[in-house]
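This briefing is meant to be read with the sequence and the 3D view side by side. It moves from one strand and its neighbours to a pocket, and then to a few single residues in loops.

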Amino acid sequence: MTMLRPKFFLNRRGRRGFRRGTQRQSSSESSAQNSASSAVNRIFGLLLGVALFSLPLTARAQDTDRIDAQITNTPSPTYIIRNARIVTVSGADIDNGILVIINGHIAGVGANISAPAGAQEIDARGLTIYPGMIDLGSNMGLIEVPTGAPGTIDVQELGEMNPNIAAVWSINPHSAHIAVTRVAGVTTALSLPSGAVISGQAALINLLGTSPREMAVVPEAALVIDFPRIGGGGFGGPPSITPEAMTQRERRVDELRKMLRDAEAYGRAQDAYRKDPKSTPRPVTDLKLAALVPYVRGERPVIFRAEREREIRAVVRFAEELKLKPIIIGGSEAWKTATLLKEKDVPVILDSVLNLPLHEDDAYDSLYENAAKLHAAGVRFCISTGDSGAHVRDLPFNAGMAAAFGLPRTEALKSVTLYPAQILGVADRMGSIEAGKIANLVITDGDLLEPRTNIKFLFINGRQLPLVSRHTMLNDQFKDRK
């Protein structure tokens, strides 16, 4: 009997799959194989059932950090939270305040609010309510095990220009990083693709849901461009600025410029066709150019990766030339270009607060003070971890370090709540505690940016979530081990 060997291939997402061989079989061979396969499947099913029932309870409860689909598919409960100190972020704090949640949104906040019918009551005496934190520089849901398990990494595509790639469809809603992050008070993240010059489109997600679409706040929130640069010059050695390197960099910038110009022309052609389809020829469909149209028109922001002063200045010039809506991510030397950034109103996502300085002769606290210097210069900014997932939970510590090195405490809190929402254009929906906004809330027993603070209640989309993650599960499992 001839057996078919599976042939491995890379599918369009770059993941490893397999396709069946193409050898033909006789009907008798096919029938024999089917019978054998059925017998094997029955035996395997029985053995699997026995094995599962024989496992210890702790082994069968490995995924207790995953939210039951029933939680997100049922109507959102109504809550009234009393006696709390409410840090609205956008306005004055409210002592001994009341907050009401209806249909996943904040229905009312103040000192004297009546309880709606059927509301579940939470007494938060001695506790403080904060808006959930937002990280705009992560790969949340796109990477599970960064080393040793390539099949769990889905942050990039083949090719140099991938504007049509949307990260939202690759997000794993069951990633262990999601629960670990949200129980630390981070309720929203921007998940960015990486690699290539145009990496793709980032997705703004709430850290709750059973599918990428359910998690998405803005599915296609920003275009990510890794702006071409000349390598070298880091902490490890001198820059390698050679004529060949400069020529290659200019060639890549020209290619990027051409694609964006082509997208602008493509958009005009599509508009002309929609306006007069009878006398205007229909443009040939181009998915890459179509994806770029909202960005070249300034309708959505473009996130440029740039660290050094010369790179930041080049990005600002490039964006101004093409009339883009730029956001700088990285910005290790943003303080050196603060005047330019303020003049052009270009915001910065600082994801290197806890990193080593770029150069050997930089002051040890140059990155710690970066946020304070941008604030003093009037530059719009927010703070991010820049992590793939595992350490996005450290977002409050990044903001706390910036506060320890000159950034006012209120500004440090805004840098991980209101300012990220403003930079991405979603401040009307999140980032502060105001009536009408999404009820992404964190209730703590202390300062949100303090490492010793404990989170007592967590709400995302107005739903109270258990404070359970892979970390808490493992702690409970092994804390009494002798």
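How many bridges join S7 to strand S16 (residues 441–444), and do the two run parallel or antiparallel? In this predicted model, S7 and S16 are joined by four bridges and run antiparallel. The points below start from this strand and then turn to other parts of the model.

**Strand S7 and its partners**
- Strand S7 covers residues 128–131 and has both of its faces covered, since Thr128 and Tyr130 are buried on one side, while Ile129 and Pro131 are buried on the other.
- This arrangement can be read with a general rule in mind, namely that side chains in a regular strand alternate between the two faces of the sheet.
- Within the pairing of S7 with S16, proline 131 has leucine 441 of S16 as its bridge partner.
- S7 is also joined to strand S3 (residues 79–86), here by two bridges, and these strands run parallel.
- In the register with S3, isoleucine 129 of S7 stands opposite isoleucine 86.

**The largest pocket**
- The largest pocket holds about 340 Å³ of space, and among the 17 residues that line it, Val183, Ala184, Phe397, Thr453 and Ile455 are the closest to its centre.
- Two elements each give two or more residues to this lining, and they are helix H11 (395–404) and helix H14 (470–478).
- Sorted by class, the lining of the largest pocket is made up of nine nonpolar, five polar and three charged residues.
- The largest pocket lies between domain 1 (4–131 + 462–478) and domain 2 (133–430), because both domains give residues to its lining.

**A buried threonine in a loop**
- Threonine 385 is found in the loop that runs between strand S15 (381–383) and H11.
- Threonine 385 counts as buried because its relative accessibility is 14%, and buried means under 20%.
- The side chain of threonine 385 is joined to the side chain of aspartate 135 by a polar contact of 2.8 Å.

**Two residues with positive phi**
- As background for this group, most residues other than glycine have a negative phi.
- Valine 89, in the loop between S3 and strand S4 (94–102), has a positive phi near 75°.
- Valine 89 has a relative accessibility of 8%, and therefore counts as buried.
- Alanine 196, whose place is in the loop between strand S9 (186–191) and strand S10 (198–206), likewise has a positive phi, with a value near 70°.

Note on methods
Residues numbered from 1 in each chain as written. Predicted model: local features only at pLDDT ≥ 70, side-chain atom pairs only at ≥ 80, totals over all residues. Heavy atoms only, no water. 1 Å grid on protein atoms, 1.4 Å probe; cavity = no way out; pocket = protein on both sides within 12 Å on 5 of 7 lines; lining within 4 Å. Points joined across faces, edges and corners; volume = space filled by probe spheres on them. Nonpolar A, V, L, I, M, F, W, Y, C, P; charged D, E, K, R; others polar. Domains from an automatic or database assignment. Buried < 20%, exposed > 50% of the residue type's maximum accessible area, 1.4 Å probe, protein only. Pairing = 2+ DSSP bridges. Polar contact = N/O pair within 3.5 Å; in protein donor to acceptor, adjacent residues only side chain to side chain.
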